[in-house]
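Please look through the sequence and the model shown here, and keep both in view while reading the explanation that follows.

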Amino acid sequence: MSAFAPFRRIAIIGFGLIGSSVARSCRKLGLAQELVCIDRDPAVRARVAELGLCDSIFSDAAKGVAGCDQVILCVPVMANAALAATIGPHLEPGTIVSDVGSVKGCVVRDVGPHLPPGVAFVPAHPVAGTEHSGPDAGFAELFQNRWCILTPPTETDPTAIQRIRAFWEAMGANVEVMTPDHHDRVLAITSHLPHLIAYNIVGTADDMEKVTQSEVIKFSAGGFRDFTRIAASDPTMWRDVFLTNKDAVLEMLGRFSEDLLALQRMIRWGDRDGLHALFTRARTIRRGIIAQGQESPAPDFGRTNAPTPPAKATDAQ
Ligand code: NAP
């Protein structure tokens, strides 16, 4: 872990799940001397004030970023370009701009050109989240033992990269640096495709005529409910992910469709060995994820239906 020197003034733009989790974590760990909230929604600003998450609150991003040494964009990825254009002229030399977006190629393309000389850009993606949104959904421990991927453009000042690495490590994350393209291909298979499959299967079940809605819900513990959790994620965020990571998602979807056809054939021709081999391979991957501390080994197939607070990070987003 790198040594961490607190930032003087951090502005967080967009106080949803991720923005408010970063704010809570900064508060709890003393990562900034001053925290600034910027959000376009008056109800969100009022709630942030009530929760005491920040020292000052702005609706106008241009005013809020003044005097900051870090600005973090925590909005859906397609909102970044307009925000960067708004704040660009008001950023002071020495400021580091970062983000938390789930797609990186488009962020580098959309934000970079709006930043003035002397302002460093270190895009970040904390691979942690829940299916909940808004300022009440966040919690300080969200990033603990989760990965945070940095995708700095090649010309980025190494000191700025080091500061953002130390910032995420201070919040408990494990940090890795990669190119935006590589990030987008990796996340296409580990996060974006699983979400697409979840949205599709929930849609298919909803359209079924022979299985009633009530049966879908009643027998959901058979596997369906795990897809519904993933498919309950924020629609705006996920619309933006698929539109901005189109090429990588379509490539992974093509491979997935081919493999699905092979599976279909195995079932049709009663290929016992083929099915068993594939399912055994899948089980090994699950065990590897547990061994690396990215999931709990506790069985949850028969978990209770009691509502639980959003107190633990779930799958990668
Ligand atoms: P969220 O809870 O829905 O919060 C999004 C915030 O962005 C809200 O404050 C929203 O304000 C604001 N916003 C939306 N559109 C905007 C616009 N055009 N201009 C200005 N502000 C706007 O979402 P989130 O889960 O925190 O996601 C934020 C970012 O984190 C996304 O880029 C996402 O890809 C990334 N991310 C999410 C997860 C996850 O699991 N959720 C994990 C890792 C990274 P309004 O309420 O007014 O719409």
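V97 stands opposite F121, a residue of strand 6, and this pair is a good place to begin reading the model, which is a predicted one. The two residues belong to neighbouring strands, for strand 5, made of residues 96-99, is joined to strand 6 by three bridges, and the two strands run parallel. In general, the strands of a sheet pair through backbone hydrogen bonds, and they can do so in either a parallel or an antiparallel way.

Strands 5 and 6 are part of an open sheet of six strands, whose order is 3-2-1-4-5-6 and whose pairing is parallel. At the edges of this sheet lie strand 3 (56-58) and strand 6 (120-122), each of which pairs on one side only. From one strand to the next, the twist of the six-stranded sheet averages 20 degrees. Helix 4, which covers residues 80-87, lies across strand 1 (7-13), strand 4 (70-73) and strand 5, and it runs at about 155 degrees to strand 4.

Further along the chain there is another open sheet, formed by three strands in the order 7-8-9, and here the pairing is mixed. Its edge strands are strand 7 and strand 9 (174-177), each pairing on one side only, while the twist averages 20 degrees from one strand to the next. Within this sheet, strand 8 (residues 147-150) and strand 9 run parallel and are joined by four bridges. To find one such link in the model, the reader can look at I149, whose bridge partner in strand 9 is E176.

How does the protein divide on a broader scale? The domain assignment gives domain 1, which consists of 7-178 + 304-315, and domain 2, which consists of 182-301. The centres of domain 1 and domain 2, taken over C-alpha atoms, are separated by 29 Å, and 22 residues of domain 1 are in contact with 22 residues of domain 2.

Empty space is the last topic, and in general it can be found by rolling a probe the size of a water molecule over the atoms. The second largest pocket of this model has a volume of about 940 Å³. It is lined by 39 residues, of which G14, G16, C74, V75 and P76 are the closest to its centre. The elements that give two or more residues to this lining are helix 1 (17-29), strand 7 (124-127) and helix 10 (235-244). Which domains contribute to the lining of the second largest pocket? Domain 1 and domain 2 each provide at least three of its residues. By chemical character, the lining of the second largest pocket divides into 19 nonpolar, 15 polar and five charged residues.

Terms used:
Residues numbered from 1 in each chain as written. Predicted model: local features only at pLDDT ≥ 70, side-chain atom pairs only at ≥ 80, totals over all residues. Heavy atoms only, no water. 1 Å grid on protein atoms, 1.4 Å probe; cavity = no way out; pocket = protein on both sides within 12 Å on 5 of 7 lines; lining within 4 Å. Points joined across faces, edges and corners; volume = space filled by probe spheres on them. Nonpolar A, V, L, I, M, F, W, Y, C, P; charged D, E, K, R; others polar. Domains from an automatic or database assignment. Pairing = 2+ DSSP bridges. Axes fitted to C-alpha atoms, helices over the stretch in contact; angles between N-to-C directions. Contact = heavy atoms within 4.5 Å.
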